[in-house]
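Here's a quick tour for anyone meeting this structure for the very first time. Have a look at the sequence and the model, then read on.

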Amino acid sequence: MIDVQCAHCGSPVPHSAHAKAKYCSEHCKREARPAYRSKPGVSLWHNWKTRRKALKLPVGDRETPSVADLVQRDGLDCHICLSPIDYTLHGHHDDALSVDHLIPVSDIRSSHALENLKLAHRRCNRNRNNHLYNERAIAS
């Protein structure tokens with residue numbers, strides 16, 4: 001057996017723990033997590049309203065438009081690769097229809113408003129990942 005030291009406090013990890021365990025206890029595991037508090041008094045932001053209120057951003061309505069609204073506005077073309085989307089494909093297919101957020105959901109400025117949503121292939125949406133669609137258009 002190899003003796004493993006806790007990544008947080010340096011004490012030995014019990015041999016009964018999982019083979020890839022890094023911490024000696026749940027307490028050390030919690031303490032070692034990165035701090036999610038970017039502002040004093042604001043804990044984990046599980047609720048979008050709490051997050052936006054804490055940062056003094058307008059909460060607004062959370063009315064998500066339907067896919068039909070997006071199709072009516074933009075048609076059935078992928079806004080990334082500009083080729084047509086086959087809406088009959090199953091959701092796990094790479095060429096299936098997906099809704100893309102121009103400002104990613106992880107960004108504090110993101111919303112589920114119609115202006116922030118576009119249709120894309122699942123593959124294109126996944127490849128774009130967590131990046132802004134067009135930084136210059138958003139900045140202006």
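**Cysteines to start with**

C81 is partly exposed, with a relative accessible area of 35%. Keep in mind as you go that this is a predicted model. The closest cysteine sulfur to that of C81 belongs to C78 and sits 3.7 Å away, too far for a bond.

- C6 is in a similar spot when it comes to bonding: C9 has the closest cysteine sulfur, and at 3.7 Å that is too far for a bond.
- C6 itself is buried, at a relative accessible area of 5%.
- How many disulfides does the count come to? The count is 0.
- The cut-off explains the C81 case: a disulfide needs the sulfur atoms within 2.5 Å, so the 3.7 Å between C81 and C78 doesn't qualify.

**The overall layout**

- The protein has 5 helices and 2 strands.
- Walk along the sequence and you'll meet them in the order α-α-α-β-β-α-α.
- Of the 140 residues in the protein, 21% are buried.
- The accessible surface adds up to about 10,300 Å², and carbon and sulfur atoms account for 53% of that.
- Take the contacts between residues at least 6 apart in sequence: 46% of them join residues at least 24 apart.

**How far to trust it**

- The average pLDDT for the protein is 77, and 73% of the residues score at least 70.
- Which element has the highest confidence, and which the lowest? Strand β2 is highest at 92, while helix α5 (residues 135–139) is lowest, with a mean of 42.
- Residues 135–140 have a pLDDT below 50, and in the model this stretch has 3 contacts beyond near neighbours in sequence.
- Residues 36–44 also stay under 50, and the model gives them 7 contacts beyond four places in sequence.
- Where pLDDT is low, the predicted coordinates shouldn't be read in detail.

**The nonpolar core**

- The largest nonpolar core has 7 residues: L70, C78, I85, L117, L119, A120 and C124.
- Strand β2, which covers residues 117–121, gives the most to this core, with 3 residues.
- As a general background point, nonpolar side chains in soluble globular proteins tend to be buried together.
- L70 is a handy place to see the links: setting aside neighbours within four places in sequence, L70 is in contact with G75, V99, L114, L117 and L119.

**A polar trio: H79, D100 and R128**

- D100 is found in strand β1 and is buried, with a relative accessible area of just 3%.
- Which side chains does D100 reach through polar contacts? One is the side chain of H79, at 2.8 Å, and another is the side chain of R128, at 2.7 Å.
- H79 comes from the loop between α3 (67–74) and β1 (97–101).
- Is H79 buried or exposed? H79 is buried, with a relative accessible area of 11%.
- Beyond four places in sequence, D100 is in contact with H79, I80, N116, L117, K118, A120, N125 and R128.

**Loop spots worth a click**

- L82 sits in the loop between α3 and β1 and counts as exposed, at 64% relative accessibility.
- L82 has a positive phi of about 65°, even though L82 is not a glycine.
- Y87 is placed in the loop between α3 and β1, and at 59% relative accessibility Y87 counts as exposed.
- Y87 and L97 are 10 residues apart along the chain, with 5.6 Å between their C-alpha atoms.
- P104 lies in the loop between β1 and β2, yet P104 is buried, with a relative accessible area of 8%.
- Not counting residues up to four places away in sequence, P104 touches S110, N130, H131 and L132.
- The C-alpha atoms of P104 and L117 are 9.8 Å apart, and the two residues are separated by 13 places along the chain.

Conventions. Residues numbered from 1 in each chain as written. Predicted model: local features only at pLDDT ≥ 70, side-chain atom pairs only at ≥ 80, totals over all residues. Heavy atoms only, no water. Core = buried A, V, L, I, M, F, W, Y, C linked by side-chain atoms within 4.5 Å. Buried < 20%, exposed > 50% of the residue type's maximum accessible area, 1.4 Å probe, protein only. Helix = DSSP H or I, 4+ residues; strand = E, 2+ residues; numbered from the N terminus. Contact = heavy atoms within 4.5 Å. Areas by Shrake-Rupley, 256 points an atom, 1.4 Å probe, with all protein chains shown as cover. Polar contact = N/O pair within 3.5 Å; in protein donor to acceptor, adjacent residues only side chain to side chain. pLDDT = per-residue confidence, 0-100.
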